[in-house]
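This report describes selected local features of one protein chain and the ligand bound to it. The sequence and the structure come first, followed by notes under short headings.

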Amino acid sequence: MSDRSILLIITGGVAAFKSLELIRELGRAGVRSRVILTKAAQEFVTPLSVSALSGEKCFTELFDLDDEAEMGHIELSRSTDLVVVCPASADIMGKAANGLANDLASTALLATDKRVLYAPAMNVRMWDHPAVKRNVETLRADGSIVLEPDEGLMACGEFGPGRLPEVARLKEEILAALSPDRSLEGKHILVTAGPTREPIDPVRYISNHSSGRQGYAIAASLRDRGAKVTLVSGPVSIQPPEGVELKKVETALEMLNAVETALPADAFISVAAVADWRPATASDTKLKLKGGDEPVSMTFAENPDILKTISNLAENRPGLVIGFAAETNDVAAHAQGKLQRKGCDWIVANDVSGDVMGGENNEVSLFTKDGMEASPRMSKAQIADWIAARIAKALS
Ligand code: C5P
């Protein structure tokens, strides 16, 4: 790591002092830190202590003529291997997610052409606020790494997620981001995500609760490892990851068609919650369902099983085909049955009896012909990374 450097942006928060230890630890690993302190960060740590530890000038002002003469803010944001924001306040993430630039730190984040890693630290209610969640999702979709904060007792006395991770973990994440795994370069991976929507008439449809989050996160992790990703997605309300080819579909029939058109691929990951049935005929006009004496009945036609179809292709079958199994009970037995029935290579099973569907976290078991491996309970982004790492290993 001796030739590597980071631009470390320290924002205001009680955890800012941990960044000093981080600078020292990274230095021990041969990583140089050039530091920007926001105005609020200077309430917690001083430019002098930062400079003493980093051995470099510490930057604080956007319009400082001396600094600009020495190194312009654009150059500052680019002459680095990675930008790290630690601790990352709700404020800096809000600015970066929305493209605001009104001080040196936010301007550097907008001007950089390097990857950005955020280590958030804030009060648990702030971390749980929908606006912060939206911003985190946007930053991840834009290709940034946003670490999950630790859970525990906070400086403000409340308990929950929001604590800055320990320095050892921060160092590990930064070193991993500095030498990224690009082992999927040259591979084409096809991912389906989200629900399908099966029309009853022009205003009604049958669908399910899938948010698309897990599939989108997997597409982003595979992209990060260098894969060319085609993401075939049913209707969802989340941001698509940057740098993947997005094909939007509504129905299962459209999804199958889009998947077949996108072949050949090295791997097919079927994360979508495809509706098994569709109304046999979708009415062209709005159905009048009220007021009759008879209960309303509807005839259904079975949708194609996309996973099974692709698993059993005689030609163009991707080398690795992965299905997902969302189960509420007997997860292992159902997953193994599905592996056999569908003819796929792996099944990623999860228990959706809790808050997984549409929720933030997940916990999966990976079934292959050779056995089973269980993941810890993690955010959907971390689960995606866990799965992507195994795909990368299998394809290389
Ligand atoms: O049989 P079940 O629906 O539980 O199987 C889930 C797996 O099969 C998922 O990977 C899902 O994407 C896929 N599937 C499919 N086409 C269907 C139904 C499920 O590709 N019609």
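## Cis peptide bonds

P87 is a residue of strand β4. The model is a predicted one, and in it the peptide bond between C86 and P87 is cis, with omega at about -10°.

A cis peptide bond also connects L263 to P264, where omega is about 5°. P264 belongs to a loop, the one that runs between α11 (252-262) and β14 (267-270).

## A positive phi angle

N316 is not a glycine, yet its phi is positive, near 70°. This residue sits in the loop that leads from α12 to β17.

## Residues around the ligand

The shell around the ligand includes S270, A272, V274 and D276. It further includes P304, D305, I306 and L307, and G323, F324, K338 and K342 complete the list. By class, 6 of the shell residues are nonpolar, 2 are polar and 4 are charged.

Three elements each contribute at least two residues to this shell: helix α12 (306-311), strand β17 (320-327) and helix α13 (331-342). The ligand occupies the space of the second largest pocket.

## Polar contacts and burial of the ligand

Backbone atoms of the protein come within polar contact distance of the ligand at several residues, including S270, where a polar backbone atom is 2.6 Å from a ligand oxygen. For A272, the distance from a polar backbone atom to an oxygen atom of the ligand is likewise given as 2.6 Å. At I306, a backbone N or O atom is 3.0 Å from a nitrogen atom of the ligand. The ligand on its own would expose 450 Å², and the protein buries 86% of that area.

## Salt bridges

How many salt bridges does the model contain? The count comes to 28. One pairing is that of R4 with D81, whose closest N and O atoms are 3.3 Å apart.

This pair ties together distant parts of the chain, as R4 and D81 are 77 residues apart. R4 lies in strand β1 (residues 4-10), whereas D81 lies in the loop between α4 (73-78) and β4 (82-88). Strand β4 is also the strand that holds P87, the residue joined to C86 by a cis peptide bond.

Technical notes:
Residues are numbered from 1 along each chain as its sequence is written. This is a predicted model: local features need pLDDT of at least 70, side-chain atom pairs count only at pLDDT 80 or more; totals for chains, interfaces and linings use all residues. Side-chain values use heavy atoms; hydrogens and water are left out. A residue is near a molecule or strand if one of its heavy atoms lies within 4 Å of it. A polar contact is a pair of N or O atoms within 3.5 Å; within protein, one must be able to donate a hydrogen and the other to accept it, and residues adjacent in sequence count only if both atoms are side-chain atoms. Accessible areas come from the Shrake-Rupley method with a 1.4 Å probe; for residues, only the protein chains shown count as cover. On a 1 Å grid over the protein atoms alone, a cavity is a set of points where a 1.4 Å probe fits but cannot get out, and a pocket is an open set with protein on both sides within 12 Å along at least five of seven lines; lining residues have an atom within 4 Å of a point. A molecule sits in a cavity or pocket if more than half of its atoms lie within 2 Å of its grid points. Helices (H or I, at least four residues) and strands (E, at least two) are DSSP runs, numbered from the N terminus. Ala, Val, Leu, Ile, Met, Phe, Trp, Tyr, Cys and Pro count as nonpolar, Asp, Glu, Lys and Arg as charged, and the others, Gly among them, as polar. A salt bridge is a side-chain nitrogen of Lys or Arg within 4 Å of a carboxyl oxygen of Asp or Glu.
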